[in-house]
Amino acid sequence: MHLDREEILKAYGWTEGFAEAAESPEFEGLEPARVLETRRGAWTVLAAGASGPEELEAAAAGRLLHEAAAQADLPATGDWVLVRPTDPGRALIQAVLPRRSKFSRKRPGETERDRIDEQVIAANVDWAFIVGAAGKDWNPRRAERYLTLAWESGAQPVLVITKADLAEDLETLLAQAVEAAPGAPVVALCAREGWGLEGLDPYLAPGKTAVLLGSSGTGKSTLLNALAGSELQRVQDVRADDHRGRHTTTTRTLFRLPSGALVIDTPGLREIQLWADGQAVDSSFSDIEAFAESCRFRDCSHDGEPGCAVRAAVESGDLAAERLESWRKLRREVEFLERRGDPVAEAAARAVWRTRARAIQAMEKARR
Ligand SMILES: Nc1nc2c(ncn2[C@@H]2O[C@H](COP(=O)(O)OP(=O)(O)O)[C@@H](O)[C@H]2O)c(=O)[nH]1
Ligand SMILES: [Mg+2]
Ligand SMILES: [Zn+2]
C-alpha cells in the first residue's frame with residue numbers, strides 16, 4: 001500500500017493488527033475502509049482515495065448478508081471493513097475485520113419465542129465516555145449499567161458528567177460518581193459554557209476512538225460540537241420540545257475532531273439492556289468484590305448469610321445500600337439472560353440432531 005494511503009487510514013484508527021488481518025489471501029484486491037455511519041441496510045464508509053480520505057456509500061455484499069448468523073456479524077459504526085469499489089462513490093462491503101473491542105446490547109425479541117440477538121452499537125473503540133447530566137436527572141445507577149457494558153466491551157470507561165452548570169452540589173455529585181465507577185476516571189464539564197472540556201484531552205489523542213454513550217438529552221451531541229469547535233451534530237431544542245423520548249441523533253456516526261481523535265455519537269438507548277456476563281458485572285462492582293473476599297462463604301450472595309462482610313460494610317456505612325441493591329439487580333438480569341440463552345442453544349442443537357437423524361435414516365433406508 002502506498003504510504004499516503006496508509007497515513008490516511010491511520011488517521012482514522014488503522015493499526016498493524018488490522019493490516020495483518022487484511023493481508024489474508026482471500027481479501028486480495030479489496031480496499032480497507034472504516035464504517036462512519038450505520039443505517040438500515042446501508043453504510044457510509046471512509047476509504048483512502050487517491051487524493052485523500054474519501055467517503056463511499058456502501059451496501060453489504062450478498063455473501064456477507066447470507067453468512068451473517070446474527071445482527072452482530074454485520075458492519076457496525078467503527079468497524080474496519082474490506083470493500084470493493086463499484087460505481088464512483090459507491091462500494092460493496094465484502095468482509096468485516098475482527099473487532100478489537102465492541103459495545104453490544106441485547107436486542108429485545110418481539111415475542112417470547114424470539115431469540116436474543118446481539119446488536120453492536122460501536123466497534124473498535126478505545127474509550128467509552130459514559131455521559132450523564134448533572135442536575136435532577138443525575139442517576140448513578142444508570143451510570144453503573146453503562147459501566148458494566150463498558151467493562152465487557154474491551155474499551156476503557158470514562159465517566160463524563162455534563163451540564164455541570166446545573167449541579168446544585170458538584171462536590172457531592174462527583175463523590176457519588178467516583179463511588180459508582182471504581183477504576184474509571186470521572187470528568188465533569190459544561191459544554192454550553194465551554195469549561196472542563198480539557199479533562200477529556202488525555203483520551204482524545206490522534207487516531208484513538210471514543211464513543212459517547214448515555215441517555216437521550218444528556219448533552220452528548222452538544223459535547224461533540226464543543227470538542228469539534230463546529231456544529232457537527234444537531235442538538236435538541238429545549239424550548240421546541242421539552243418532553244422525553246425525542247432523539248435528535250438518530251444514527252450512530254463517527255466523526256474526526258481537529259485533535260485527530262475519532263468520536264462516535266449515538267442516540268440514547270431507551271432501555272439499556274445488558275449483553276454482559278457475570279464477570280463484567282463484578283468488574284464494575286470491584287468495591288463489592290473487595291468486601292466479599294472477607295465473607296465467610298466463598299459463594300456468599302450477601303443476602304443474610306452469617307459472616308457476610310458485604311452486609312457488614314453496608315451497616316457500617318462503608319458501602320451504599322443502593323449499590324448492593326444495584327449489584328443484585330444486574331446480577332439477576334445477567335442470570336436471566338444466561339438462562340434464557342440456554343433454550344436457544346438447546347433448540348439449535350436439537351435441530352442439528354434432527355437433521356443428522358434424518359440423514360442416517362435415509363442412508364439406512366437406501367441400504368435396505
Ligand atoms: N445547561 C446546560 N445545558 C446543556 C449543556 N449541554 C447540552 N445542554 C442542553 O441539553 C439538551 C440536549 O442536548 P443534546 O446535545 O441534544 O443531547 P443528546 O441527546 O445527548 O445528544 C439541549 O437542549 C442542550 O442545549 C450544558 O453544558 N449545560
Ligand atoms: Mg444527540
Ligand atoms: Zn457476603
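This text walks through a predicted model, from a central strand to some loop residues and then to the ligand.

Begin with strand 8, which covers residues 127–133. Six of its seven residues are buried, so the strand is mostly covered; buried here means under 20% relative accessible area. Strand 8 has pairing partners, and two of them can be followed here. One is strand 9, residues 156–162, which runs parallel to strand 8 and is joined to it by seven bridges. To find this pairing in the structure, look for I130, which stands opposite L159 in strand 9. Another partner is strand 11, residues 209–213, which pairs with strand 8 in the parallel sense over four bridges. Here W127 can serve as the marker, since W127 stands opposite A210 in strand 11.

In a regular strand, side chains alternate between the two faces of the sheet.

How do strand 8 and strand 9 belong together with helix 4? Together with helix 4, which spans residues 140–153, the two strands make a right-handed β-α-β unit.

Next come the loops. Just ahead of strand 8, in the loop that follows strand 7 (117–123), lies N124. N124 is not a glycine, yet its phi is positive, at about 55°. Is N124 buried or exposed? Its relative accessible area is 1%, and because the limit for buried is under 20%, N124 counts as buried.

K163 makes a useful comparison. This residue sits in the loop between strand 9 and helix 5 (170–180). Its phi is also positive, near 55°, and K163 too is a residue other than glycine. K163, however, has 29% relative accessibility and therefore counts as partly exposed, a class that lies between the 20% and 50% limits.

A third loop residue is L30, placed between helix 2 (16–22) and strand 1 (31–39). With a relative accessible area of 14%, L30 is buried. Its C-alpha atom is separated by 5.7 Å from that of L82, although the two residues are 52 apart along the chain.

Finally, turn to ligand 1. There are 17 residues around it, and those that come nearest are D165, R192, G217, K220 and T222. The shell is made up of five nonpolar, eight polar and four charged residues. Several oxygen contacts can be traced. A backbone N or O atom of G219 lies 3.0 Å from an oxygen atom of the ligand. For K220, a polar backbone atom is 2.8 Å from a ligand oxygen atom. In T222 the side chain supplies the N or O atom, at 2.5 Å from an oxygen atom of ligand 1. On its own, the ligand has 580 Å² of accessible area, and the protein covers 93% of it.

Key: Residues are numbered from 1 along each chain as its sequence is written. Chains are lettered from A and ligands numbered from 1 in the order in which they are written. This is a predicted model: local features need pLDDT of at least 70, side-chain atom pairs count only at pLDDT 80 or more; totals for chains, interfaces and linings use all residues. Side-chain values use heavy atoms; hydrogens and water are left out. A residue is near a molecule or strand if one of its heavy atoms lies within 4 Å of it. A polar contact is a pair of N or O atoms within 3.5 Å; within protein, one must be able to donate a hydrogen and the other to accept it, and residues adjacent in sequence count only if both atoms are side-chain atoms. Accessible areas come from the Shrake-Rupley method with a 1.4 Å probe; for residues, only the protein chains shown count as cover. Ala, Val, Leu, Ile, Met, Phe, Trp, Tyr, Cys and Pro count as nonpolar, Asp, Glu, Lys and Arg as charged, and the others, Gly among them, as polar. Buried means under 20% relative accessible area, exposed over 50%, partly exposed in between (1.4 Å probe, protein chains only). Two strands pair if DSSP finds at least two bridges between them. A crossover is right-handed if, with the strands pointing away from the viewer, the path from the first strand over the helix to the second runs clockwise.
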